[in-house]
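Thanks for making the time this morning. I would like to walk you through one structure, and I will ask you to keep the sequence and the model in view while I talk.

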Amino acid sequence: ATASWVDRVYVSTSGTLSGATLLGSVTRATNVAIGASYTGTLSVTMPVLADGNYTVIVETDATDVIFERDGEANNQRSATGTLAINSPDLIPQTITVPAQGQSGQPITVTWFVTNNGSGPSNGTWVDRVYLSTNQTFDGGDTLLGEVARPSALAVGASYNSSLTATLPQGLDGTFYILVVTDATNTVGEGVAGETNNRATSTVLTVAPATYADLTVTSATAAA
């Protein structure tokens, strides 16, 4: 075969190229003599895929550059065995806050996070705690603080965490505490795992802080 041509590597849940995901391509730049063979290698960063078992498929001469007459039917080969994709899924739950707070004073927030995925979460990440006027996380929320998670979390395991933070001055009304786990998206959680990284507390009623009221009661001017 006279170079060049392209080999492609896919992963597939069905074992065929129908609906398969392309991982990458390798260009063969050297001729291959009759009866000879060659070894191809491809290193890739895996794309975000749904959890499951995948078959790796290699297709040689993927763009049909080489004329093979009756030999086109055997240009694909599946790897033996399957490639398992397992992702963690971090979910914050059960946020506990006091029923009432006072602006300018500290409150303690507790919560726990469960790995509800099919794989462990490795490395470190941070959970962030926000004060919000509603139950929706957005740019108007106030960051109260963050807590680092320094170790991995196995499938089905949980951890408890807490933060004591001072409420901003001038608050008066009803608020919510929002917890965002893996707030900087350090942990790869697959296709759907990034959508449930937030949880909301029950209502936190915040009263204004007591304050001084200096009043001039009299003034005397010297003659």
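There is one salt bridge in this structure, and please bear in mind throughout that we are looking at a predicted model. The partners are E146 and R128, whose closest N and O atoms are 2.7 Å apart. Since E146 sits in strand β10, residues 142-149, and R128 in strand β9, residues 125-132, the pair ties together parts that are 18 residues apart in sequence. As for their surroundings, E146 counts as partly exposed because its relative accessibility is 40%, and R128, at 22%, also falls in the partly exposed class.

R128 comes up again if we look at A183, which is placed in the loop between β12 and β13, the latter being residues 198-200. Setting aside neighbours within four places in sequence, A183 is in contact with V126 and R128. Its relative accessible area is 23%, so A183 is partly exposed. For a sense of distance, the C-alpha atoms of A183 and T94 are separated by 17 Å, with their positions 89 residues apart along the chain.

Let me turn to the interior. In soluble globular proteins, nonpolar side chains tend to be buried together. Which residues have the most contacts inside the largest nonpolar core here? That core has 25 residues, and the ones with the most contacts inside it are I95, V109, W111, V129, L131 and I177. At least two residues of this core come from each of β6 (90-96), β8, β9, β10, β11 (158-166), β12 (173-180) and β14 (204-207), and the largest share, four residues, is supplied by β8. If you want one residue to follow on the screen, take I95: leaving out residues up to four places away in sequence, I95 touches V109, T110, W111, I177, V179, A199, T200 and S201. Another core lies apart from this one and is made of six residues, among them V9, L23, Y54 and I85.

Staying with β8, residues 106-115, we find T114 in that strand. T114 has a relative accessible area of 12%, and because buried means under 20%, it is classed as buried. The side chain of T114 makes a polar contact, at 2.7 Å, with the side chain of S158. Beyond its neighbours within four places in sequence, the residues in contact with T114 are D89, L90, I91, Q93, L153, G156, A157 and S158.

Next, the loop between β3 and β4, where several details come together. E72 lies in this loop, with β4 running over residues 76-78, and E72 is partly exposed, its relative accessible area being 32%. What does the side chain of E72 make a polar contact with? One such partner is the side chain of N75, at 3.2 Å, and a polar atom of the E72 side chain also lies 3.5 Å from the backbone nitrogen of E68. Once neighbours within four places in sequence are left aside, E72 is in contact with D61, D64, I66 and F67. Measured in the model from C-alpha to C-alpha, E72 and T60 are 9.6 Å apart, and they are 12 residues apart in sequence.D61 is itself found in this loop, and so is R69 placed there. Is D61 buried or exposed? With a relative accessible area of 3%, D61 is buried, whereas R69, at 68%, is exposed. Both deserve a look at their backbone, as phi of D61 is near 45° and phi of R69 is near 55°, each a positive value in a residue other than glycine. Most residues other than glycine have a negative phi, and most peptide bonds are trans. On the second of those points, a cis peptide bond joins A3 and S4, with omega at about 10°, and S4 is located in the segment before β1, residues 5-12.

Finally, the surface. L42, V44, M46 and L83 form a nonpolar patch there, and together they have about 260 Å² of accessible area. V44 is placed in the loop between β2, residues 21-28, and β3, residues 52-59, and V44 is partly exposed, with a relative accessible area of 34%.

Technical notes:
Residues numbered from 1 in each chain as written. Predicted model: local features only at pLDDT ≥ 70, side-chain atom pairs only at ≥ 80, totals over all residues. Heavy atoms only, no water. Patch = residues over 30% accessible without salt bridge, like charges linked within 9 Å, V, L, I, M, F, W, Y side chains within 5 Å. Areas by Shrake-Rupley, 256 points an atom, 1.4 Å probe, with all protein chains shown as cover. Salt bridge = Lys/Arg side-chain N within 4 Å of Asp/Glu carboxyl O. Buried < 20%, exposed > 50% of the residue type's maximum accessible area, 1.4 Å probe, protein only. Contact = heavy atoms within 4.5 Å. Polar contact = N/O pair within 3.5 Å; in protein donor to acceptor, adjacent residues only side chain to side chain. Core = buried A, V, L, I, M, F, W, Y, C linked by side-chain atoms within 4.5 Å.
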